[in-house]
Amino acid sequence: MKVNVVLGLQWGDEGKGKIVDVLTPAYSVIARFQGGPNAGHSLEFDDKKFVLHTIPSGIFHEKVTNIIGSGVVIDPVIFEEEVSQLKKLGVPVYERLMIAKRAHLILPTHRIIDAASEAAKGKTKIGSTLKGIGPAYMDKTGRNGLRVGDILSPAFKERYEALKQKHLEFLKQFDFEYNVADYEKQWLQSIEEVKKFTLIESEYVINEALAGSQKILAEGAQGSLLDIDFGSYPFVTSSNTVCAGVCTGLGIAPGKIGNVFGIFKAYCTRVGSGPFPTELNDDTGERLRRIGHEFGATTGRPRRTGWLDLVALKYAVMISGVTQLFITKADVLDTFDTVKVAVAYKINGKETQQLPFETNEPIEPVYKEFKGWKRSVAAMRKEEELPFELMTYIRFIEKETGVPIQIISVGSHREQTILRN
Ligand code: GDP
Ligand code: IMO
Ligand code: MG
């Protein structure tokens, strides 16, 4: 058996939560491998909407083990809030969820450092979700971090205090007011909640599941263009959001990767700062935001909107070896007369099909225009029902990327999903 992977191919919020929820019945294990509560994965079924931040999107299904893998960073307070909401809904969360001992903890002071360094950056800020992600991964790679397994150690409190003191020293360079005490009190209480879960050596659990022919789906957070190595640096998150992150975040060998499902919206969105070549700062962009309800699931911030960018999409497909594409939010384009797609960039008058290293230079997208379908697709459930114009758009993307589009999502509900072939 191999691990199949769900990845966002743009700047996050492609609809990973919805798609993982739809795919889960075919799997025994759903595992998050990177990121943390900067993620907001929305699921809709039975006329209810749920947003998950740390917990994998398979949690609502019976007989499925959900794993928070070792590449994830966890804020116990946010985690406890999620757990308590799931418990209210009657989800047997202690039975369905396990946490890797190697996953790192986000400390209250990581959040403060995130906020202080963003404030200090002023206009050049990343637009971080301020959940402490960057500072937590900095401590991980700096070999100072505290891991989930450490909470079981009698020396945990002492080690926590030592790291906190280091952070407080570091914070002296900033002119930034903060209060650690309130969040810290909650944080220490929430650690007790984390202890109620089965804490595992997830690399063994996952490799044993593979050896036992169990089907595993790895759930990515964020998107390829936010990847720490291949995204629009420095306007990125602090983890590997591309397929390689599955190996390092779960402890599986590259040869154990099976299908790589790449999710993209029928257009583009981005929250936070950084380059966005096809961004529309006009009425069309506003329409995309309104119709697509493009407001962050984690921070509520309005998402920037623009046309689909094939230069960026092909790059993401290349880096992760995507084997199947899933398009989401096709319904959002229902009322548009024309739909545009960037097929190349013009930089300093020169046309290119590659993402440039230097992202400060003005990039002018070269567009191909498609006729809109001007019909609602939200109630359609079969490929044969879909408008010719939408299928033309889809076939063009398949031809350009060289990858088949296997799922067409036409709404936020579970049922609004068309599986091809
Ligand atoms: P994720 O972070 O990739 O899981 O995506 P988010 O949940 O942050 O954002 C995607 C948003 O689009 C959510 O509000 C979903 O409910 C919604 N959504 C997902 N697929 C579709 C779709 O095909 N059509 C529409 N209209 N909304 C969708
Ligand atoms: P999901 O999993 C969209 C963005 C932030 C910011 C940058 C760095 O829901 O797709 P960070 O908090 O990681 O330091 O922020 O990355 N960002 C996301 N944008 N969806 C997400 O997750 C994101 N997680 C981080 O807006 O620009
Ligand atoms: Mg999201």
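Student: Which residues are closest to ligand 1, out of how many that surround it?
Tutor: Happy to start there, and keep in mind that this is a predicted model. Counting a residue as near when one of its heavy atoms lies within 4 Å, we get a shell of 21 residues around ligand 1. The closest of these are K16, G40, S42, D331 and S409.

Student: What is the make-up of the shell around ligand 1 by class?
Tutor: Let's sort the shell into nonpolar, polar and charged residues. The nonpolar class holds three residues. The other two classes hold nine polar and nine charged residues.

Student: How far is the nitrogen atom of ligand 1 from the side chain of D331?
Tutor: It helps to look at the oxygen contacts too. One oxygen atom of ligand 1 lies 2.9 Å from a side-chain N or O atom of D13, and an oxygen atom of the ligand is 2.8 Å from a polar backbone atom of G15. For D331, the partner is an N or O atom of its side chain, and the distance to a nitrogen atom of ligand 1 is 2.7 Å.

Student: How much of the area of ligand 1 does the protein bury?
Tutor: Start with the ligand taken alone, which exposes 580 Å². Of that area, the share buried by the protein is 93%.

Student: Which elements give two or more residues to the shell around ligand 1, and in which pocket does the ligand sit?
Tutor: For the elements, look at residues 16-23, which form α1, and residues 41-45, which form β3. Both of these give two or more residues to the shell. As for its site, ligand 1 sits in the second largest pocket.

Student: How many residues does β3 give to the lining of the second largest pocket?
Tutor: The pocket encloses about 570 Å³ of space, and its lining has 26 residues, with E44, K49, G292, K329 and S412 nearest the centre. At least two lining residues come from each of α1, β3 and β4 (48-52). The largest share belongs to β3, with four residues.

Student: How many of the lining residues of that second largest pocket are polar?
Tutor: Let's go through the classes of the lining. Six residues are nonpolar and nine are charged. The polar ones number 11.

Student: Now for ligand 2: which residues come nearest?
Tutor: Here the shell has 20 residues. By class, they are seven nonpolar, 10 polar and three charged. Those that come nearest are D13, K16, H41, T129 and T237.

Student: What share of the accessible area of ligand 2 does the protein cover?
Tutor: Oxygen atoms of ligand 2 lie 2.8 Å from a backbone N or O atom of D13, 2.5 Å from a polar side-chain atom of T129 and 2.8 Å from a backbone N or O atom of Q222. On its own, ligand 2 has 550 Å² of accessible area, and the protein covers 97%.

Student: Is the peptide bond from Y233 to P234 cis or trans?
Tutor: Most peptide bonds are trans. P234 is in the loop between β10 (216-219) and α9 (244-250). With omega near 5°, the bond from Y233 to P234 is cis.

Student: What is the phi of D47?
Tutor: Most residues other than glycine have a negative phi. D47, in the loop between β3 and β4, is not a glycine, yet its phi is positive, at about 60°.

Key: Residues are numbered from 1 along each chain as its sequence is written. Chains are lettered from A and ligands numbered from 1 in the order in which they are written. This is a predicted model: local features need pLDDT of at least 70, side-chain atom pairs count only at pLDDT 80 or more; totals for chains, interfaces and linings use all residues. Side-chain values use heavy atoms; hydrogens and water are left out. A polar contact is a pair of N or O atoms within 3.5 Å; within protein, one must be able to donate a hydrogen and the other to accept it, and residues adjacent in sequence count only if both atoms are side-chain atoms. Accessible areas come from the Shrake-Rupley method with a 1.4 Å probe; for residues, only the protein chains shown count as cover. On a 1 Å grid over the protein atoms alone, a cavity is a set of points where a 1.4 Å probe fits but cannot get out, and a pocket is an open set with protein on both sides within 12 Å along at least five of seven lines; lining residues have an atom within 4 Å of a point. A molecule sits in a cavity or pocket if more than half of its atoms lie within 2 Å of its grid points. Ala, Val, Leu, Ile, Met, Phe, Trp, Tyr, Cys and Pro count as nonpolar, Asp, Glu, Lys and Arg as charged, and the others, Gly among them, as polar. Grid points are joined across faces, edges and corners, and a volume is the space filled by probe spheres set on the points.
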